[in-house]
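Trainee: Could you take me through one part of this protein in detail? I would like to look closely at the salt bridges and at the elements they join.

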Amino acid sequence: QECTSLLGDVEPRFLLEIAGSGIREDAAMEMRCIAHGPLLGAPPGTPFAPLTIGRAHGTRFWQRLLRDEAFQALSRDHLVLEACGEGLGAVAVRSLSSLRPVRVRDGTAGAEEAEQAKKL
């Protein structure tokens, strides 16, 4: 699957799929997926840099992907994904917005289960 990287050329360690009613109908599939990991050419075992998600980070990306209302609902600094533990793809998610909670779920949950997902 084609994905977008917000920090340049990376060796993907995880993919973040953006979904929901706030996505523009004409958004290409590669715009709905963010790949993140260490920069290409980094030594093996290098952890990836934190990835901050928000309007202030990759503004043009979010404007092209999200409907106007969804873009405005996205905080300037909404959440950060950070490497954690010893695993190459272990990721910690930390909410940076006190007004808009982040919900975390695995990719197998349906829409109803997503609404019940744990808030960070």
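Mentor: Happy to, and let me set the scene before we zoom in. Of the 120 residues in the protein, 28% are buried. Please keep in mind that this is a predicted model. It has three helices and seven strands, and along the sequence they follow the pattern β-β-β-α-α-β-β-β-α-β. About 7800 Å² of the protein is exposed, and carbon and sulfur atoms supply 50% of that area. Taking contacts between residues at least 6 apart in sequence, 53% join residues at least 24 apart.

Now to your salt bridges. The count comes to three. Side chains of opposite charge can pair when their charged atoms come close.

Let us begin with Asp68 and Arg24, whose side chains meet in a salt bridge with an N to O distance of 3.1 Å. This pair links distant parts of the chain: Asp68 belongs to helix α2 (residues 68-73), while Arg24 sits in the loop between β1 (14-17) and β2 (33-36), 44 residues apart. Asp68 has a relative accessible area of 56%, so it is exposed. Arg24, with a relative accessible area of 27%, is partly exposed.

Next, look at Glu25 and Arg67. Their closest N and O atoms are 3.5 Å apart, and the two residues form a salt bridge. Glu25 lies in the loop between β1 and β2, and Arg67 in the loop between α1 (59-65) and α2, so this pair ties together parts that are 42 residues apart in sequence. Glu25 counts as exposed because its relative accessibility is 71%, whereas Arg67 counts as partly exposed at 35%. If you follow the β1-β2 loop on your screen, you will find Arg24 there and Glu25 as well.

The remaining salt bridge takes us to a sheet. Arg94 pairs with Glu82, with the closest N and O atoms 3.1 Å apart. Arg94 is in strand β5 and Glu82 in strand β4, twelve residues apart, and here too the pair links distant parts of the chain. Both partners are partly exposed: Arg94 has a relative accessible area of 41%, and Glu82 has one of 23%.

It helps to see what surrounds that last pair. Strands of a sheet pair through backbone hydrogen bonds, either parallel or antiparallel. In this case three strands form an open sheet in the order β3-β4-β5, with antiparallel pairing. The edges are β3 (51-53) and β5 (91-95); each has a single partner strand, so one side of each is left without a neighbour in the sheet. From one strand to the next, the twist averages 20°. Strand β4 (residues 79-83) and β5 are joined over five bridges in the antiparallel sense, and Leu81 stands opposite Val93 in β5.

One more stop, for a view away from the charged pairs. The structure holds two aromatic pairs. Phe61 and Trp62 make up one of them, an edge-to-face pair measuring 4.8 Å centre to centre with 80° between the planes. Phe61 counts as buried because its relative accessibility is 5%, and Trp62 is also buried, with a relative accessible area of 4%.

Methods. Residues are numbered from 1 along each chain as its sequence is written. This is a predicted model: local features need pLDDT of at least 70, side-chain atom pairs count only at pLDDT 80 or more; totals for chains, interfaces and linings use all residues. Side-chain values use heavy atoms; hydrogens and water are left out. Two strands pair if DSSP finds at least two bridges between them. Helices (H or I, at least four residues) and strands (E, at least two) are DSSP runs, numbered from the N terminus. Axes are lines fitted to C-alpha atoms, for helices over the stretch in contact, and angles run from 0 to 180 degrees between N-to-C directions. Rings of Phe, Tyr and Trp (its six-membered ring) pair if their centres lie within 6.5 Å; planes under 30 degrees apart count as stacked, over 60 as edge-to-face and the rest as tilted. Buried means under 20% relative accessible area, exposed over 50%, partly exposed in between (1.4 Å probe, protein chains only). A salt bridge is a side-chain nitrogen of Lys or Arg within 4 Å of a carboxyl oxygen of Asp or Glu. Contact means heavy atoms within 4.5 Å. Accessible areas come from the Shrake-Rupley method with a 1.4 Å probe; for residues, only the protein chains shown count as cover.
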